[in-house]
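Reader: I'm new to this one and would love a close look at a single part. Could you walk me through it?

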2 protein chains.
Amino acid sequence: MPSVTSADVARAAGVSRTTVSYVLNDTPGVSVSQATRQHVRDTAARLGYAPSAAARTLRRGRSDLVVCVLPDWPTGPVVDLLLDHLTDVLAERGLFVLVHHHRDSRALTDLWRAVTPRAVVGLAPFTPDEARAMAQAGIVVVGTVQTTDDDAFDRSQHDLAALQVDHLAARGHRRVAVAATDDPRLARFAQARLAGVRDACAARSLPAPVSAPVPVDRPATDVVRDWHETGVTAVAAYNDEVALAVLAGAREAGLDVPADLAVIGVDDSPAARVSAPPLTTVAQPILAQSDHLAAGVLAAIDGTAAPSWPADPAVVVVRGSA
Amino acid sequence: MPSVTSADVARAAGVSRTTVSYVLNDTPGVSVSQATRQHVRDTAARLGYAPSAAARTLRRGRSDLVVCVLPDWPTGPVVDLLLDHLTDVLAERGLFVLVHHHRDSRALTDLWRAVTPRAVVGLAPFTPDEARAMAQAGIVVVGTVQTTDDDAFDRSQHDLAALQVDHLAARGHRRVAVAATDDPRLARFAQARLAGVRDACAARSLPAPVSAPVPVDRPATDVVRDWHETGVTAVAAYNDEVALAVLAGAREAGLDVPADLAVIGVDDSPAARVSAPPLTTVAQPILAQSDHLAAGVLAAIDGTAAPSWPADPAVVVVRGSA
DNA sequence: CTGAAAGCGCTTACAG
DNA sequence: CTGAAAGCGCTTACAG
């Protein structure tokens, strides 16, 4: 179908393309009579005119599109919240957020064929190569984690782990196990988190933690039994999903939570509230993080200084499991 | 930063823009010497050349972008799977998938300002107005559900509900309750699903089901107790998340699942495998649906006939709860 | 108040 | 084998 252009609208309405553009964009500072405005709008609607974003972007020299790159692992409700908030905040500045599920680097390269975004927000850590390619292309890259080389990355994972250990230690636990994830895509995170638990234990003179991967799709019965038999009384889980599998394993093994085994997760997902027992977990300040990301995009676009990362008020939500 | 264009590359490499375009796009059927090809590529890399997607799209008259519009409610791992698969399948045809979290109609209108996609895949039902606007803009619209007016919409929800009732009835249950969602964004679905359970009960000569909204962030203790006291022995939940809240409520109320109360969900989410007891649920053929969506996009683009919706092999996954 | 014209960066027939 | 030129649809200084 031959799509209708602004020239078609101009011709049909008996005005110039200039006028069509002025009216349809509500360009400030131009005076076009109300009658003409209405006539142009009616004509555009009648013809089913849809402006070409490509032409607009080309002419303007910049697009209003912000691409948010997600990690390729399942992200859950916490990230949904972040995305919605980010979309809202940037929409107020006329920026439109579209999300890319990052699977492999090839896909990230193809991205430039399909769109030239104004900015890219990375929720997945980029490799140094990817980050360099984007920077070179003049694309603003903002992220929770700039690259996997970033120190801030390890630090944030460390802090999360420390909060778990703090809570467990305050309850008198000494022998802590780490329920890691078995998802290879999360290896980088799991590793930093384990190191965090290890350091926190050392700092509190607790014995070094043991660790095992825990699949999320079945009760972690065997692992839990092993841990319990070797004197472990508390488990720091990679996230709530893993913690749920630990809870299920304890149930199967006939262990009482938290009496026989305390369990603490990370995320404060909805499921944490209705598990048996309800899950004690670490909640991250997701809205604050989202605001920070939005501020980072805006700062980069406006050329002002990037906001500093907010003091991290991640907090332990105490429920029944630890 | 003045971004580098193909003209800059041509100048620096000492060739014409034509040659740059041929080399960088691997245009078939043109003969450029290997030496020149390499020289152009090196020059482009050295200058950090990134082609303008807007210019390319404008010139070509079409973009390679497919926008997938998600509903504004939390979608979970099932939709993630669908998205990943859709992205893979369409990538093979050079199409790039970006996801938009649909919150309000204003945002959907802004979409055309930011991008002119080749096709839109709707996972959320569009209003008739929205669908018309897109069709008029010459955008291919493909979806599980074209509009909320669509008959197929009610039918699919009906089928899901019928499967739940079938399973419950086969286990000897007669008094069925519907654990609906309290999320207003899902009202349209909840309504169709309730109607489905009602019809299925009628068809099997069971008494009409009772129904109550169940929040997912706390145990549904009171509702469950009420149901049990009025002779209800089985619950058809809106989805697994709601079912989990029912399970938690039963636990609080001191009821045994499934002896005192059977519970069946919808989705077969990971959490369903590790709940107490493991959740019996209805699994949807998500990969088949994803393939169908991809085929729909391709058919529309190629101008061939849209594939018919596959016979829906949604299936009950029997675990411990019903 | 309105219009003619330039130009954003690319691709691709066409001529050499 | 390579280059000059047209044109995609828009916005916006500029002239009237």
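Reader: Take the surface near DNA strand D: how do its residues divide into nonpolar, polar and charged?

Author: Keep in mind that this is a predicted model. The surface near DNA strand D has 14 polar residues, along with 9 nonpolar and 6 charged ones. Out of the 29 residues around the strand, the ones that come nearest are A:T5, A:S6, A:A55, B:S16 and B:S31. Both chains pitch in with helices: chain A gives at least two residues from each of α1 (6-13), α2 (17-25) and α4 (53-60), and chain B does so from each of α2 (17-25) and α4 (53-60).

Now, α4 of chain A turns up again where the two chains meet. There, 53 residues of chain A are in contact with 53 of chain B. On chain A's side, two or more residues come from each of α4, β1 (65-70), α5 (76-91), β2 (96-101), α6 (105-114) and α11 (240-252). Sorted by class, that side has 31 nonpolar residues, plus 11 polar and 11 charged.

Let's finish with a helix in chain B, α10 (residues 221-229). Its buried residues are B:V223, B:V224 and B:W227. These sit on the same side of α10(B) because they span an arc of only 100° around the axis. Their cover includes β5 (176-181), β6 (210-214) and α11 (240-252) of chain B. Flip to the face turned away from that buried side and you'll find B:D222 and B:E229, both exposed. Just after the helix, B:G231 takes a positive phi of about 90°.

Technical notes
Residues are numbered from 1 along each chain as its sequence is written. Chains are lettered from A and ligands numbered from 1 in the order in which they are written. This is a predicted model: local features need pLDDT of at least 70, side-chain atom pairs count only at pLDDT 80 or more; totals for chains, interfaces and linings use all residues. A residue is near a molecule or strand if its C-beta atom, placed from the backbone, lies within 6 Å of it. Helices (H or I, at least four residues) and strands (E, at least two) are DSSP runs, numbered from the N terminus. Ala, Val, Leu, Ile, Met, Phe, Trp, Tyr, Cys and Pro count as nonpolar, Asp, Glu, Lys and Arg as charged, and the others, Gly among them, as polar. A residue is buried if 20 or more other C-beta atoms lie within 10 Å of its own, exposed if 12 or fewer, and partly exposed in between; C-beta atoms are placed from the backbone. The arc is that of the directions from the helix axis to the C-beta atoms. Two residues are in contact if their C-beta atoms, placed from the backbone, lie within 7 Å.
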